[in-house]
Structures are given as structure tokens and as C-alpha cells.
Amino acid sequence: MNQKIILESAYQLLEDAIIWNKGEPTGTVAALDKSLSAQNYSECFIRDFFPSALVFLMDGRTDIVRNFLTIVLSLRFQQKKMEGHDLAVGLMPASFSISKDEDGKEHVQADFGDRAIGRVAPVDSAMWWLILLRCYTIISGDVKLSHSDDFQHGIRQIMSLYLQESFEVSPAMLVPDGCCMIDRRMGVSGHPLEIQSLLYGMLLTAQELLIPNEINKSLLSIIKKRTQTLRSYIRLYYWLDIQSLNEIHRYKSEEFGWEAVNVLNINPEIIPNWIDGFLPEGTGFLVGNVGPGKIDFRYFAMGNLLAILFGLATDDQASKIMRLYEIHWDQLIGQMPVKIVYPAVTGKEWTFMTGSDPKNVAWSYHNGGNWPSLLWVFAGAALRSGRKDLATKALKLSLDRLHKDSWPEYYDGKAGSLIGRRSNANQTWTATSAIIASRLIDDPDSLTVFDTLIF
Ligand code: GLC
């Protein structure tokens, strides 16, 4: 089908997904499916709104993004205090909804994971919010918003939560399972790459948006230091190529003291069989998670692609990750871009890791499903590393099918050839991702918005 007609249908979906507060457009629902697979898909998710916002910014509709940024900042105070605890005011909700009471009065209600499945804390929300604030500021030229007392105060509160001391043994951030795009148990607790990439983008953003005055001075110098240590740590400890794999394969364990080489005490036996032969010379990727005695070797798309986009990966690492996509196209893209994680976990490992989650069975949903909502970040990362050819190939592969299948949330199967068993139709970020990818490829004007993601 004609690309123009397909994109018109994606735009129509985005338009219908807009939610209104006091007559002002303020966000977009996650999905517009009448038979939603979960109630909260009719809410505006902070992370799902990010690609909606990029489209609005490309089209000069900065007011919607401004309304969203303002409302989400204020929603932090809707958190419920747990007995014996204080509010974590730097935490932002996973989602919010707007409803009308009998008198027609509108109410905005935030969800901090307390109404969602599994009660997960949305660690990534404030990260997406802050990074979006930078995009908005650059595109609209409205510096006043981020420099206002409310926003400066809010950014400081966020930073104080995200930089507070806890039980860290490394510069990477320690978080619970299900705290990001993968918002159910999937063995991502610890130091997942996606959170580290977002943290990196967030720290760089804060350095630009906090006014360099007396109040912010010491915070800014801490942020600068933390950015540097995080970057060096990820580039070294998360990077896997045939050389580092060889080193791990020959690691000695049980080393004590400052001279230890295998500082995390990794036993080579944890190297999974599938890795052998997966990393030809000239390829590599950032592993999913690193911790004491632990490397999660799975390939997580969002974390790797954001690391490329934000410059957390070096240029050389970025081109090796894109080369990996080229070589393993069938596994990492298959028939629908982009596989969320490779490979899937099965058998006993699945039982223990997911808690026997039937939605996350092998090669479905978060456990190796294919998510078209990752297309925008794939296209962005490909363009940043000079691989427009791969972005174009991925887009070509998906457009017709996404439209024909009514913009599904995700696809199932090793090759991603089946519509997700419990997938919604009319998923907003599926449509917005397709719009962004095609605009980035075909419309040079849209690159000004893309540039706001580059640091
Ligand atoms: C699922 C996804 C999550 C997304 C939400 C709304 O829970 O895992 O990342 O934000 O749906 O689309």
C-alpha cells in the first residue's frame, strides 16, 4: 500500500489518542483498542508518550508537550505515603488518566505502579520526562519553562532521589525488576542496561537544564562526576565482543584484593552456549546487566539503542552493534522490527525468572517478542551510526504489515511473524514509532528534532 495512506492512518490514530484536560490537549492514551487486554492501556504512560511527543515536536505542536510536562511534574504529590516512610518526591508516575465526575468536573489521577500489575515502581518515568523537557526546550525555544522555580525545584528533587546514596558497589544504578519498559518480572533487577542508558541521558540533560547558580553549583559538579564514571564503567564492564568474551572465558575466579582482574568474580561457566559463534570480529554489544558474580548476556534492544543515541556507547561500539543487527537480522529483527530481547528464556529458567508468567512465555511479549514501538529508537541509532540503510530496511519491512494488522502492540515467535497473543490493536507508540522512523528517513527537516536526542 501507498506509504502516504499508511502514515495518514498512523496520524489519525495519534490524533484520536489525545486526551484533554480543561480543554487542553495533555497526553495520549497507550492504546485505542475497544477490547483492551489491560485496563490501564486507556491511560497516558509517561514512557509511551515520549514518541508521541517527538511527533508533536516535529509538527510544531509544542503546546501538547508543554501541558504534559507541566501536569506530570505536579502529579508527583499524588503518591501515597507508606507508613513509616516519606514521599519519594522525585518519583514520577507510570501513567495518569483524566476522568469526569457526575458534575462534569475533571480529575487527573496518577498511578505510581500501585494500581498496575505487580506493583512496580516506574524508575524510568522521570528519566523520560527530563530528557523530553530538553527536547521541548530546544525545539520551542521556551527556556522559561525549565528555568521556572517550579521546574528547577522539581529537577533538583528528581536528582536528589536518583543520586542518593544506597547500597551501590558500582557507578551503575541499582533498581528492582520490572522498573522500565519491561514492567513485569523478567530478571532485569540489579543494574539493567536500559536504566543505565536512560540515567546517562538524564544526567547530561540535568547538566544543561539546571541553571548554574549558587543553589545548583555543588549538585552540578556531582552530576558531572557521576556522568563520567557511569560512562567509563558501562563502556568497560558492559561491552562484549570476541576479545572480551575470550577474557571472560579464561577468567580465574576467587581473586581477592586490589590486584584482582576478575573483580566481579564471574565464573566462566555462566557463559551461555548461544554466545559461541554469535560475535564475529567487528561486532559486539552491551550486555543486559552486570553485578556481583553476574553477567546477563542477553541482548536488550532498548538499552543498546539508547546507548548509541545518547553517545554512551563509543562510535566504534555503536558501529559494531549496528553490524550485529546486519549479521543477525533474522534473530534481532526477523519479520518485524525490533526484538525486545534475544534470546528468550525457556524451561526452568523461565519458571524461576518470570514466576511462570503466562504472558511472558518464550518468544512472546517481553520474553523475546518483537516490538514495533522500538522502531523509532532503532532508526535513530542507525542514523546516528551512519546506517540509514538498516533504518530504511526495517521501515520497509514493517509499514504495510503494521497497517494491515491495525498497529499491534507486539508480535510473537522467533521470527516475529505472529501478532502477539494478548497484544492490543491500535497501540499508540506503534503508530508514532512508524511516523518518526519514516520522517527521519524521508524528511530532512525532522532531523532538528532528532538532534535534540544527541548530546
Ligand atoms: C506494557 C509495556 C510498557 C508500556 C505499557 C503501555 O506494560 O511493558 O512498557 O508502557 O504496556 O503501553
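Me: Why does the radius of gyration of the protein chain agree with a compact globule?

Reply: This is a predicted model. For 455 residues, a compact globule would have a radius of gyration near 23 Å, and the protein chain has 21 Å, so the two agree. The C-alpha trace spans about 70 × 60 × 45 Å along its principal axes. The secondary structure comes to 17 helices and 13 strands.

Me: What surrounds the ligand?

Reply: The shell includes A30, Y41, F45, R47, D48 and M181. Also among the surrounding residues are D183, Y365, H366, E409, Q427 and W429. A residue is counted as near if one of its heavy atoms lies within 4 Å.

Me: What makes the shell around the ligand a mix of classes?

Reply: By class, six of its residues are nonpolar, two polar and four charged. Asp, Glu, Lys and Arg count as charged, so R47, D48, D183 and E409 fall in that class.

Me: How do you know that M181 makes a polar contact with the ligand?

Reply: The cut-off for a pair of N or O atoms is 3.5 Å. A backbone N or O atom of M181 lies 2.7 Å from a ligand oxygen, so the pair counts.

Me: Which side chains have a polar atom paired with an oxygen atom of the ligand?

Reply: For H366, a polar side-chain atom lies 2.7 Å from a ligand oxygen. For Y365, the distance from a side-chain N or O atom is 3.5 Å. The protein buries 96% of the 310 Å² that the ligand exposes when taken alone.

Me: Where does the ligand sit?

Reply: The ligand is in the second largest pocket.

How values were computed. Residues are numbered from 1 along each chain as its sequence is written. This is a predicted model: local features need pLDDT of at least 70, side-chain atom pairs count only at pLDDT 80 or more; totals for chains, interfaces and linings use all residues. Side-chain values use heavy atoms; hydrogens and water are left out. A polar contact is a pair of N or O atoms within 3.5 Å; within protein, one must be able to donate a hydrogen and the other to accept it, and residues adjacent in sequence count only if both atoms are side-chain atoms. Accessible areas come from the Shrake-Rupley method with a 1.4 Å probe; for residues, only the protein chains shown count as cover. On a 1 Å grid over the protein atoms alone, a cavity is a set of points where a 1.4 Å probe fits but cannot get out, and a pocket is an open set with protein on both sides within 12 Å along at least five of seven lines; lining residues have an atom within 4 Å of a point. A molecule sits in a cavity or pocket if more than half of its atoms lie within 2 Å of its grid points. Helices (H or I, at least four residues) and strands (E, at least two) are DSSP runs, numbered from the N terminus. The radius of gyration is taken over C-alpha atoms; the globule rule is 2.2 Å times the number of residues to the power 0.38.
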